[in-house]
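Student: I am new to this structure and would like a close look at a single part of it. Could you take me slowly through one pairing of side chains and then through what surrounds it?

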Amino acid sequence: MEFSREDLTEAKRQIDSTLHKLRETIKTFEAKENAERYKSQITLAKRRVRAFEIANWFIENELEKVI
């Protein structure tokens, strides 16, 4: 499947935005008084961050090829 440079750039922008929100969510949960209560949400958010970081890596590699 092929994507245009614009498609890849927009996908990266959206992923970066979602990553920022997820990282803020993690900070919020970890700062709560009883953070242990939110352990599953924190774990899920961290796993999503990792998945989006991987996706970003692939997008960046594709963008280098498209130049």
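**A salt bridge and its surroundings**

Tutor: The side chains of Lys12 and Glu60 meet in a salt bridge, with 3.3 Å from N to O. This pair links distant parts of the chain, since Lys12 belongs to helix H1 and Glu60 to helix H2, and their positions lie 48 residues apart in the count along the sequence. Please keep in mind that the model is a predicted one.

Consider Lys12 before its partner. Lys12 has a relative accessible area of 19%, and because buried means under 20%, Lys12 counts as buried. Glu60, by comparison with the cut-offs, has 34% relative accessibility and therefore counts as partly exposed. Leaving aside neighbours within four places in sequence, Lys12 is in contact with Asn56, Ile59, Glu60 and Leu63. The salt bridge also belongs to a wider arrangement, and that is best reached by way of another pair.

In helix H2, Lys65 forms a salt bridge with Glu62, and the closest N and O atoms of the two are 3.2 Å apart. Lys65 and Glu62 are three residues apart in helix H2, so about one helical turn separates them. Lys65 is exposed, at 64% relative accessibility, while Glu62 is partly exposed, at 35%. Elsewhere, salt bridges that share partners join Lys12, Asp16 and Glu60 into one network. In total, the structure holds eight salt bridges.

A further one is formed by the side chains of Glu30 and Lys46, at 3.2 Å from N to O. Glu30 lies in helix H1 and Lys46 in helix H2, so this pair ties together parts that are 16 residues apart in sequence. Glu30 is partly exposed, with a relative accessible area of 41%, and Lys46 is also classed as partly exposed, at 44% relative accessibility.

Let us return to the contacts of Lys12 and look at them from the other side. Asn56, which is placed in helix H2, is buried, with a relative accessible area of 6%. When its neighbours within four places in sequence are set aside, Asn56 is in contact with Lys12, Ile15, Asp16 and Leu19. Ile59, for its part, touches Leu8, Ala11, Lys12 and Ile15, again without counting residues up to four places away in sequence.

Several of these names return in the nonpolar core. The largest nonpolar core has nine residues in all, namely Leu8, Ile15, Leu19, Leu22, Ile26, Ala45, Val49, Ile59 and Leu63. Helix H1, covering residues 5-31, and H2 each supply at least two residues of this core, and H1 gives the most to it, with five residues.

The two helices can now be described in turn. The buried residues of H1 are Leu8, Lys12, Ile15, Leu19, Leu22, Ile26 and Phe29, and what covers them includes H2. In H2, the buried residues are Ile42, Ala45, Val49, Asn56, Ile59 and Leu63, and what covers these includes H1. As for their spans, the 27 residues of H1 should extend over 39 Å at 1.5 Å a residue, and the end C-alpha atoms of H1 are indeed 39 Å apart, which agrees. H2 has 28 residues and reaches 41 Å from its first C-alpha to its last, close to the 40 Å expected at 1.5 Å a residue.

Some residues outside the buried set complete the view. Trp57 lies in helix H2, which is made of residues 39-66, and counts as partly exposed at 49% relative accessibility. Together with Ile54 and Phe58, Trp57 makes a nonpolar surface patch of about 340 Å². Arg47 is in helix H2 too, and is exposed, with a relative accessible area of 61%. The C-alpha atoms of Arg47 and Leu63, 16 residues apart along the chain, are separated by 24 Å. Glu33 lies in the loop between H1 and H2, where it is exposed, with a relative accessible area of 86%. Between the C-alpha atoms of Glu33 and Lys65, which are 32 residues apart along the chain, the separation is 47 Å.

To come back to the pair you began with, Lys12 in H1 and Glu60 in H2 are parts of the chain that are distant in sequence, and their side chains meet in a salt bridge.

Methods:
Residues are numbered from 1 along each chain as its sequence is written. This is a predicted model: local features need pLDDT of at least 70, side-chain atom pairs count only at pLDDT 80 or more; totals for chains, interfaces and linings use all residues. Side-chain values use heavy atoms; hydrogens and water are left out. Patches are made of residues with over 30% relative accessible area and no salt bridge: like charges are joined within 9 Å, nonpolar side chains (Val, Leu, Ile, Met, Phe, Trp, Tyr) within 5 Å. Accessible areas come from the Shrake-Rupley method with a 1.4 Å probe; for residues, only the protein chains shown count as cover. A salt bridge is a side-chain nitrogen of Lys or Arg within 4 Å of a carboxyl oxygen of Asp or Glu. Helices (H or I, at least four residues) and strands (E, at least two) are DSSP runs, numbered from the N terminus. Buried means under 20% relative accessible area, exposed over 50%, partly exposed in between (1.4 Å probe, protein chains only). Contact means heavy atoms within 4.5 Å. A nonpolar core is a set of buried Ala, Val, Leu, Ile, Met, Phe, Trp, Tyr and Cys residues joined through side-chain atoms within 4.5 Å. The expected span of a helix is 1.5 Å times one less than its number of residues.
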